[in-house]
Amino acid sequence: RGHPLTGGWRDPHVKESLDLCLACKGCKADCPVNVDMATYKAEFLSHYYRGRLRPRHAYSMGLIYWWARLAALVPGLANLLTQTPGIRDLVKWIGGIAQERRMPPFAAQTFKDWYRRRPRRNTDQPKVILWADTFNNHFFPETAQAAVEVLEAAGQQVIVSQEALCCGRPLYDFGMLTLAKSLLRQILDALRPEIAAGTPVVGLEPSCIAVFRDELINLFPHDEDAKRLAQQTFTLAEFLEKKVPGYRPPALHRKAIIHGHCHQKAIMKLESERSLYGKVGLDCEVLDSGCCGMAGSFGFQAEHYQISQQVGSLVLLPAVTRAPADTLLVADGFSCREQIAQSTTRHALHTAEVLNMALNEGPLGPEHGCPEARILLRRQCAVAEILQRTWAGVLIVVGAMLVTTFLLRRRQHARLSV
């Protein structure tokens with residue numbers, strides 16, 4: 001109404017106005033004056049919550065890096081808590097997660113564990129660092145495994161840091177900037193020799209790549225290593241198109257629907273992806289879809305579930321629903337793939353998985369059913385197996401406790417009888 005806001009960083013009206021901001025960075029690219037509302041939102045929330053408790057979902061999802069590391073120690077127990085009816089409902093309530101949402105199961109083996117046990121290949125070839133982000137390391141390791149095989153087939157020596165590192169992407173959405181900055185400092189310290197050597201970094205999660213290309217240099221504007229890392233970080237398609245001379249991708253002749261991640265479209269753009277998909281032989285439809293609606297953790301939050309579905313229903317979800325069963329669905333963002341999987345009967349694949357499919361199955365790809373079916377089945381079987389083992393262990397422990405209790409009571413009763 002024209003009245004000035006007087007609350008500064010603690011003004012509740014500003015907080016309310018930012019509540020439905022998806023932090024998609026679309027305004028940074030599409031707005032004529034390039035207003036960066038995502039950065040403003042992160043900065044505002046950092047001040048607003050200083051010395052205050054945050055909403056429950058800020059701790060359950062903003063701190064996913066630490067929760068995932070803990071879950072990796074006991075993935076079966078973690079999945080028992082997040083996948084078992086009744087128990088999972090309580091966990092979602094505690095975490096401020098919408099009951100309508102499915103919590104993604106943790107992988108039985110992280111990508112880094114898989115890589116550590118794998119023989120090194122192409123040791124005399126140019127080095128490239130594959131960034132093992134939290135989501136592809138702990139939830140979808142097969143995506144990162146596919147990227148390793150694709151990069152090695154392109155003649156690269158793939159390096160994966162075994163240090164526990166995270167770009168802190170989920171922290172920005174909740175204004176946890178001090179913690180996010182400390183994680184970025186750890187990355188700069190850990191990768192300093194490779195940064196100085198000019199070793200390229202390939203990221204799989206677009207929002208993590210955007211951190212290195214955008215937030216990193218905003219938080220460390222005078223750090224030369226931060227600037228170098230920003231310039232040396234690429235999406236998989238960017239790297240193959242720009243840094244591998246003469247790269248010829250495997251052929252895959254399929255129709256495909258492509259959904260670009262918001263940060264990918266705003267910061268990295270999709271030119272390299274379009275070029276790569278064309279060389280592969282995909283008959284692509286790149287959706288003019290804006291945000292998928294999940295927007296990182298936004299769509300998982302109980303109070304935002306309906307909004308997230310409405311956003312997804314504008315373009316993306318109807319396009320997926322209409323697509324023939326043999327059409328490839330490609331989305332590099334973890335949250336984008338989750339929105340598709342949780343709102344339709346289909347599952348999207350990462351660019352790395354599409355290229356790996358072409359490598360292993362030839363130019364026609366899978367012969368029957370949805371092209372993602374085989375990958376999805378392997379993922380589901382691995383989760384089901386670890387859940388079965390965990391339940392068996394729980395039943396054995398409970399049975400042992402009951403038998404022990406029975407024997408102790410029987411012995412006590414015998415002593416009293418004497």
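How far does helix 12 reach from its first C-alpha to its last? In this predicted model, the span is 29 Å for the 21 residues from 177 to 197, close to the 30 Å expected at 1.5 Å a residue.

**Helix 12 and what it packs on**

That end-to-end figure leaves out a kink: helix 12 bends by about 65° at Leu-191. A proline, Pro-193, follows within four residues of the bend. Just past the end of helix 12 comes Gly-198, with a positive phi of about 80°.

Which residues of helix 12 are buried? They are Leu-177, Ala-180, Leu-183, Leu-184, Ile-187, Leu-188, Leu-191 and Ile-195. If you look at the spacing, it helps to recall that an α-helix has 3.6 residues a turn, so residues three or four places apart point the same way. Leu-191 turns up twice here, as the site of the bend and as one of the buried residues.

The buried residues of helix 12 have plenty to lean on. They pack against helix 3 (37–48), helix 5 (64–73), helix 11 (169–172), helix 13 (206–219) and helix 14 (224–232), and also against strand 1 (127–131).

**Strand 1 and its partners**

Strand 1, one of those packing elements, is mostly covered, with four of its five residues buried. It pairs in the parallel sense with strand 2 (residues 157–159) over three bridges, and Val-128 has Val-158 as its bridge partner there. Strand 1 also runs parallel to strand 3 (residues 201–203), again joined by three bridges. In that pairing, Leu-130 stands opposite Val-202.

**The 6-5-7 sheet**

Elsewhere, three strands make an open sheet in the order 6-5-7, with parallel pairing. Why is one side of strand 6 and of strand 7 left without a neighbour in the sheet? Strand 6 (283–286) and strand 7 (328–331) stand at the edges and have a single partner strand each, so there is nothing in the sheet on the other side. Neighbouring strands of this sheet are turned by 25° against each other on average, ignoring direction. Between strand 5 (residues 255–259) and strand 6 there are four bridges, and Ala-256 of strand 5 sits opposite Cys-284 of strand 6.

**Three charged side chains in loops**

Next, a look at some loop residues, starting with where they sit and how covered they are.

| Residue | Loop | Relative accessibility |
|---|---|---|
| Lys-25 | between helix 1 (12–18) and helix 2 (26–30) | 1% |
| Lys-269 | between helix 16 (262–268) and helix 17 (271–280) | 35% |
| Arg-346 | between helix 20 (334–343) and helix 21 (351–361) | 5% |

Lys-25 has a positive phi of about 70° even though it is not a glycine. Lys-269 also has a positive phi of about 70°, and it isn't a glycine either. Buried or exposed? Lys-25, at 1%, counts as buried because the cut-off is under 20%. Lys-269, at 35%, is partly exposed.

Arg-346 is buried too, at 5% relative accessibility. What does the side chain of Arg-346 have within reach? One of its polar atoms lies 2.7 Å from the backbone oxygen of Thr-327. Leaving aside residues up to four places away in sequence, Arg-346 touches Val-320, Ala-323, Pro-324, Ala-325, Thr-327, Leu-329, Ile-340, Ala-341, Cys-370, Pro-371 and Glu-372.

Technical notes
Residues numbered from 1 in each chain as written. Heavy atoms only, no water. Helix = DSSP H or I, 4+ residues; strand = E, 2+ residues; numbered from the N terminus. Expected span 1.5 Å × (residues − 1). Bend = angle between axes of the 7 residues up to and from the residue. Buried < 20%, exposed > 50% of the residue type's maximum accessible area, 1.4 Å probe, protein only. Contact = heavy atoms within 4.5 Å. Pairing = 2+ DSSP bridges. Axes fitted to C-alpha atoms, helices over the stretch in contact; angles between N-to-C directions. Polar contact = N/O pair within 3.5 Å; in protein donor to acceptor, adjacent residues only side chain to side chain.
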